[in-house]
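User: I'm new to this structure and would like to learn how to read its helices. Could you walk me through a few of them?

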Amino acid sequence: MSAPAIDLRAVETVALSIPLAEPLPTSFGVMDARSTLLVGLTDADGRVGWGEVWCNFPTFGALHRARLVQRIVGPLLVEAPSVDPWTIGATLSSRLATLALQTGEFGPLAQVIGGLEMAVWDLAGQVAGEPCYRLLGGLEGRVPAYASGINPTDPAATVRASQAEGYRAFKLKVGFGRERDLANAAAVAGALRPGECFMVDANQAWDAATATAMSEALREHRPVWLEEPLPADAPAADWQRVAGAGLPVAAGENMRGLPAFQAGLEEGWLAVAQPDAGKWGGLAGGLEVARLAFAAGRRFCPHHLGGAVGLHAAAHLLAAAGGDGVLEIDSNDNALRTELVGPLPALQDGCFVLPERPGLGVAPDPAVIDAYRVPT
Ligand SMILES: [Mg+2]
């Protein structure tokens, strides 16, 4: 579907951070705060569109990305006579390609472009009077969801709490040692009710030999995918070796650029493509990945682990893509997810239901911004 071109007049950044009383362990480090960076774009008619830039680790990373928005990327949008949501992400990426090489800031620039692209889509939906998923070609604003980020301390209790919230699929963090990982996988598998399933996420923790052995050992518990068993830049032969061990391999949150996804699909090891719109590609780039994945007969399940604006963007992306994907929803406490745009709707039959409002359909609550804002 065509989308309206947008005339942008102003860009703002809102960095939010909530220190964690109980720091969150991951295989790449301990998260001591939940943080995010919102970007707001104002159009010529005074509408405001919102996007979310990935910055969950390190937790002070929002501040640097806010400056990239304010001083480098935002002005390019405001100076442009009009912005097309379908192409703006790719246009900005090519415009800033040399700067990314010069500075080595490939990730932060891609994340900033992704978040700003989301905000452009929010505005385009508001102008068109359509929810983003529909403007992006989707038919139904309802997607199956799973409880993500289940950490290695008593994961079965987290599964039970998530079941009580209506979840039917769950993703366990692994990468904490073979014995503990296998015991946790057994505990999660044992907590499942008929029709439910779980996945495991190693967050790039293993080498090829460990990942292959873990895939073989985890198979008896029947996780539906093994996520990031290897570093994102591991050679194709390593990915193929791990994929050959039996469990479908998922990856994408640390892959940048369409060629990276294309390669994983063509090399045969990428069974579940998981781009994060706020890390690379925005919504239009994510949808391109979905098309490639479906053409190769693979699954598309966008990644998100941040605040409520990015969560809604991921849901719109998945609803636009169609297919048999599931929406990632963090199971850990994070007011930036549960309070920022008002309470999230209860799941219906295990599905997240998008608001039938124009654009992303959500706006951050000024009171929540005031409570958690950090100066940029
Ligand atoms: Mg992951």
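User: Which residues are exposed on the other side of α7?

Analyst: A residue counts as exposed if 12 or fewer other C-beta atoms lie within 10 Å of its own, as buried if there are 20 or more, and as partly exposed in between, with C-beta atoms placed from the backbone. In α7, E179 and G190 are exposed, while D181, N184, A185, V188 and A189 on the other side are buried. Those buried residues fall within an arc of 135° seen down the helix axis, so they line one face of α7; the arc is taken from the directions from the axis to the C-beta atoms. This is a predicted model, where local features need pLDDT of at least 70, side-chain atom pairs count only at pLDDT 80 or more, and totals for chains, interfaces and linings use all residues. Residues are numbered from 1 along each chain as its sequence is written.

User: What do the buried residues of α7 pack against?

Analyst: Contact means that two C-beta atoms, placed from the backbone, lie within 7 Å. The partners here are α6 (155-164), β5 (169-173), β6 (197-201) and α8 (208-218). Helices (H or I, at least four residues) and strands (E, at least two) are DSSP runs, numbered from the N terminus.

User: How many residues of α12 are buried?

Analyst: For α12 (residues 308-321), 14 of the 14 residues are buried, so the helix is largely enclosed by the rest of the structure. After α12 comes G322, with a positive phi near 75°.

Key: The expected span of a helix is 1.5 Å times one less than its number of residues.
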